[in-house]
Amino acid sequence: MRGINFLDKWISNNIPETVGADVISVAELAQQLFADAKALGIDSTEIEEEIGSVYEVIFDATVHREAGVSDWLEPHYIGCMGKGWTFQSLIDAKMAVTAFCHWSPCNHSQKLDLAQLRDRYGPDAPAKADDLIPKLKCNRCGGTDVGLAYTPDTSPNAYGRAKGS
């Protein structure tokens with residue numbers, strides 16, 4: 001709950017009234033959110049494990065600002081947390097998942113092949129960090145101390161296609 005509590009307060013204090021709900025604005029706000037969280041000792045994976053896509057939360061918060069972010073955020077995203085990500089939902093949302101080795105001499109990272117994971121584990125298999133990390137090890141050093149980053153496709157028009165626009 002620490003991640004969702006931070007996100008709720010951060011959005012209430014940092015989404016300007018004039019921000020547009022476009023990919024560039026959302027990406028800049030997400031980068032600032034992650035930097036502010038890191039300064040408080042909250043890792044980005046802690047936030048994303050609780051709510052899923054921070055980018056989607058920020059986008060939706062800019063669209064639903066008039067309803068009151070706190071009133072809208074909790075029921076909307078706590079409901080999504082119960083469902084969680086699946087391999088197919090990540091693919092459909094045009095998300096990328098990158099694994100990072102936390103052993104400092106290695107520091108290897110690799111984008112996961114979501115289609116291959118979907119084919120191996122099934123389209124409805126859970127794909128949140130808590131579900132995937134126990135199955136992962138670094139391809140370079142063999143270490144099992146890994147983390148995940150979930151990011152949307154920010155290429156032009158990709159976000160609109162994922163949202164059905």
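Where does His108 lie in this protein? I shall begin with that residue and then turn to the helices. Please bear in mind throughout that the model is predicted.

His108 is found in the loop between β1, residues 95–101, and β2, residues 109–111. With a relative accessibility of 17%, His108 is classed as buried, because the cut-off for that class is under 20%. Leaving aside residues up to four places away in sequence, His108 touches Ala99, Phe100, Cys101, Cys138, Asn139 and Arg140. With one of these, Arg140, there is also a polar contact between side chains, at 3.2 Å.

Let me now place this loop in the overall architecture. The secondary structure of the protein consists of 9 helices and 3 strands. Read from the N terminus, the order is α-α-α-α-α-α-β-β-α-α-β-α. The protein has 165 residues, and 41% of them count as buried. If we take the contacts between residues at least 6 apart in sequence, 68% of them join residues at least 24 apart. As for the surface, the accessible area is about 9,100 Å², and carbon and sulfur atoms account for 50% of it.

I turn next to helix α6, which spans residues 87–92. Asp92 belongs to this helix, and its side chain makes a polar contact of 2.8 Å with the side chain of Gln88. A general point about helices is relevant here: an α-helix has 3.6 residues a turn, so residues three or four places apart point the same way. Asp92 itself is partly exposed, with a relative accessible area of 46%.

Helix α6 also contains Phe87, which brings us to the aromatic residues. How many aromatic pairs does the model contain? The count is 1. The partners are Phe87 and Tyr121, whose ring centres are 6.2 Å apart; their planes meet at 20 degrees, so the pair is stacked. Since Phe87 is in helix α6 and Tyr121 in helix α7, the pair ties together parts that are 34 residues apart in sequence. The two partners may also be described by their exposure. Phe87 is buried, at 1% relative accessible area, whereas Tyr121 is partly exposed, at 34%. Tyr121 has a further neighbour in Lys135, which lies over the face of the ring at 4.8 Å from the ring centre.

Let us stay with helix α7, residues 114–121, and consider its two ends. At the N-terminal end, Asp113 acts as the cap: one of its side-chain oxygens lies 3.2 Å from the backbone nitrogen of Ala115. After the helix comes Gly122, which has a positive phi, near 105 degrees.

Finally, I come to charge pairing. In general, side chains of opposite charge can pair when their charged atoms come close. How many salt bridges are counted in this model? There is 1. Asp119 forms a salt bridge with Arg118, and the closest N and O atoms are 3.2 Å apart. Is Asp119 buried or exposed? Asp119 is exposed, with a relative accessible area of 58%, because the cut-off for that class is over 50%. Arg118, at 22%, counts as partly exposed.

To close, I would draw attention again to two sites. The first is His108, a buried residue in the loop between β1 and β2, with its side-chain contact to Arg140. The second is Tyr121, which stacks with Phe87 and has Lys135 over its face. Thank you for your attention.

Terms used: Residues are numbered from 1 along each chain as its sequence is written. This is a predicted model: local features need pLDDT of at least 70, side-chain atom pairs count only at pLDDT 80 or more; totals for chains, interfaces and linings use all residues. Side-chain values use heavy atoms; hydrogens and water are left out. Helices (H or I, at least four residues) and strands (E, at least two) are DSSP runs, numbered from the N terminus. Buried means under 20% relative accessible area, exposed over 50%, partly exposed in between (1.4 Å probe, protein chains only). Contact means heavy atoms within 4.5 Å. Accessible areas come from the Shrake-Rupley method with a 1.4 Å probe; for residues, only the protein chains shown count as cover. A polar contact is a pair of N or O atoms within 3.5 Å; within protein, one must be able to donate a hydrogen and the other to accept it, and residues adjacent in sequence count only if both atoms are side-chain atoms. A salt bridge is a side-chain nitrogen of Lys or Arg within 4 Å of a carboxyl oxygen of Asp or Glu. Rings of Phe, Tyr and Trp (its six-membered ring) pair if their centres lie within 6.5 Å; planes under 30 degrees apart count as stacked, over 60 as edge-to-face and the rest as tilted. A charge sits over a ring if NZ of Lys or CZ of Arg is within 6 Å of the ring centre and within 35 degrees of the ring normal.
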